[in-house]
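I opened my notebook to look up one sheet and one residue in it. My notes follow in the order I took them.

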Amino acid sequence: MEAKIKMKQIDAALLQKMLIGGAKRLESNKEYINELNVFPVPDGDTGTNMTMTALAAAKEVGNAPEVTVKEVTRALSSGSLRGARGNSGVILSQLFRGFYKGVKGEDVLTTETAAAGFKNAVDTAYKAVMKPKEGTILTVAKVTAEKAVACARETEDFNEFAEVVIKEANAILKKTPDMLPVLKEAGVVDSGGQGLVEFLQGAVDVLSGKEVDLSGVERVAKKPAATQTEAPLEEKNIKFGYCTEFIVMTKEEISMEEEQKFKDFLMGIGDSIVVVADEDIIKVHVHTNHPGKAIEKGLTYGELTNMKIDNMREEHRERLNLTQAEAQVDDQPVKPEEPKKDYGFVAVSIGQGMNDIFRELGVDYLIEGGQTMNPSTEDMLNAIEQVNAETVFILPNNKNIILAATQAQSLVEDKNVVIIPTTTVPQGISAIIGFDPEADVESNEESMKDIIECVKTGEVTYAVRDTSINGIAIKIDDIMGIDDDGIKKVGQDIEKVTLGLLEEMVDEDSELISIYYGADTTKEQAEALLEKVEETYGDCDVQLEYGGQPIYYFLLSVE
């Protein structure tokens, strides 16, 4: 029998296909990964978040300006950075970012350089997470990278290397329940780890020559998944008319002093400035009336690529469906831009009632999302850009959105961005109520963080599968009462479970109980619950509000 020819290296074209193949396999297994979420609530979204992050990266990879290892992996990094959704998506984007930094100097990949890229990927991801937890996607990545480094010392054959690495990835994934008791009790492996293994398997499938559908990963127009509470579009005044973006490829890394000079120059000709210098590239975004000046300045630092200039006034007219005669923009002087406010707010919310509450409390920009759809880093950046304020406070209102908000915060240069780490909508409402417009930024940040520590949150929803958590047997369609520490009550009756959950939450120090009823709860059901809560907790103020949130019959807060 003829011996199989050893593959000692992979070029950029094959790497490009492998990365797209990884994203496509992840997409095809999205729902399976969602079902692995430990909590049996109808918002298990790890598969969705990782898929959307990987597809955002794959679209950039498929449109890399040059098919070189450097440009393909740079596209992987930058696409996933802005497209990252949820904690699992942000961690995946950091793995991609580390891999890019580890291999960008190579013309081709060998087993040794690929393994070095894996190791750098893990180091980068661990640094990005404040408190890394073992038994998760991080552990799967770490152990797989360690095996890759060891295997690369033994073989130059990429097919053998890939077979060993994917086998190790599956082996450590199967061990994750032994590291996290909550996984073992639920009888599942870590969902983020499963997502990473699916991505790696998709890449290996392409390497081994399997037929993989790589279509459908073309560049698409970016669109923020958000709703504005600012003035309608037709009332906006556009001071700087051209949205200008480009990448500078520098011959060597520029100093922090030079980077600041570049930012200062751009601030002199425009606003909405984002300048991110990463070793030998500088990403630039600016709104200006003189895009040529921005480009000329960029050329002093190196060659330009990925240039894009959009006429925002023209887009403005098109959106309003005005004819050229009606617009007559050239004959109309541009009104001066309104001065920036001291403070502005961005909040993540879902449900008409919740949106209305945040608007009434002064939130400038609402991002539609939360439990069922985590917004991306790009969505966060778009929201921050739209708020005309020196300091923008972000209320993520979900623990799975804080990392994406933090990633966006690191990319903004022309505004001070403060993240209040709210993990629930009721916390976000309490935080903004406690904002003092007369106090400075630091005082408000401290007091708002103190306030959310005093807010207990409860949620009442239904189970989407049979499972067992903390010794509690749960059947599909059971009603669950969940507080900040986990599932506390399970039953068949929504009202009984809600009252039982409140018993767990209310203590002698409680003063205020807030009840927000959802889209699937009638006003009559909510008012019946209110009456019983007022009877039971006579010493507390009790308020009922329409939240309109999906999935959750009631959201509760106790302060």
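Is Ser514 buried or exposed? I looked up its relative accessible area and found 1%. Buried means under 20%, so I call Ser514 buried. I keep in mind that this is a predicted model.

**Entry 1: Around Ser514**

I asked next where Ser514 sits, and found it in strand E15. Which residues does Ser514 touch, leaving out those up to four places away in sequence? I wrote down Gln543, Leu555, Leu556 and Ser557. With Gln543 I also found a polar contact. It joins the two side chains, at 3.0 Å.

**Entry 2: The sheet**

I then stepped back to the sheet. I counted six strands, in the order E14-E13-E10-E17-E15-E16. The sheet is open, and its pairing is mixed. At the edges I found E14, residues 486-491, and E16, residues 541-546. Each of these edge strands pairs on one side only. I also noted the turn between neighbouring strands, which is 20° on average with direction ignored.

A reminder to myself: strands of a sheet pair through backbone hydrogen bonds, either parallel or antiparallel.

**Entry 3: Pairing, strand by strand**

I began with E15, which covers residues 512-517. In which sense do E15 and E16 pair? I found them parallel, with six bridges. For Leu512, I noted Asp541 in E16 as the bridge partner.

I moved on to E10, residues 456-462. How many of its seven residues are buried? I found five, so to speak of E10 as mostly covered is fair.

E10 and E17 run antiparallel, and I counted five bridges between them. Lys456 has Val558 in E17 as its bridge partner. E10 also pairs with E13, residues 479-483. That pairing is antiparallel too, over four bridges. Here I found Val460 standing opposite Gly481 of E13.

**Entry 4: Helices on the sheet**

Which strands does helix H15 touch? I listed E15, E16 and E17, the last being residues 554-558. H15 itself covers residues 352-360 and packs on the sheet. Its direction makes about 115° with that of E16.

I looked up helix H21 as well, residues 523-536. H21 lies across E15, E16 and E17. I noted that H21 runs at about 170° to E16.

**Last note**

I came back to my starting residue. Ser514 is in E15, and E15 is among the strands that H15 touches. E15 is also one of those that H21 lies across. I closed the page with Ser514 marked as buried.

How values were computed: Residues are numbered from 1 along each chain as its sequence is written. This is a predicted model: local features need pLDDT of at least 70, side-chain atom pairs count only at pLDDT 80 or more; totals for chains, interfaces and linings use all residues. Side-chain values use heavy atoms; hydrogens and water are left out. Two strands pair if DSSP finds at least two bridges between them. Helices (H or I, at least four residues) and strands (E, at least two) are DSSP runs, numbered from the N terminus. Axes are lines fitted to C-alpha atoms, for helices over the stretch in contact, and angles run from 0 to 180 degrees between N-to-C directions. Contact means heavy atoms within 4.5 Å. Buried means under 20% relative accessible area, exposed over 50%, partly exposed in between (1.4 Å probe, protein chains only). A polar contact is a pair of N or O atoms within 3.5 Å; within protein, one must be able to donate a hydrogen and the other to accept it, and residues adjacent in sequence count only if both atoms are side-chain atoms.
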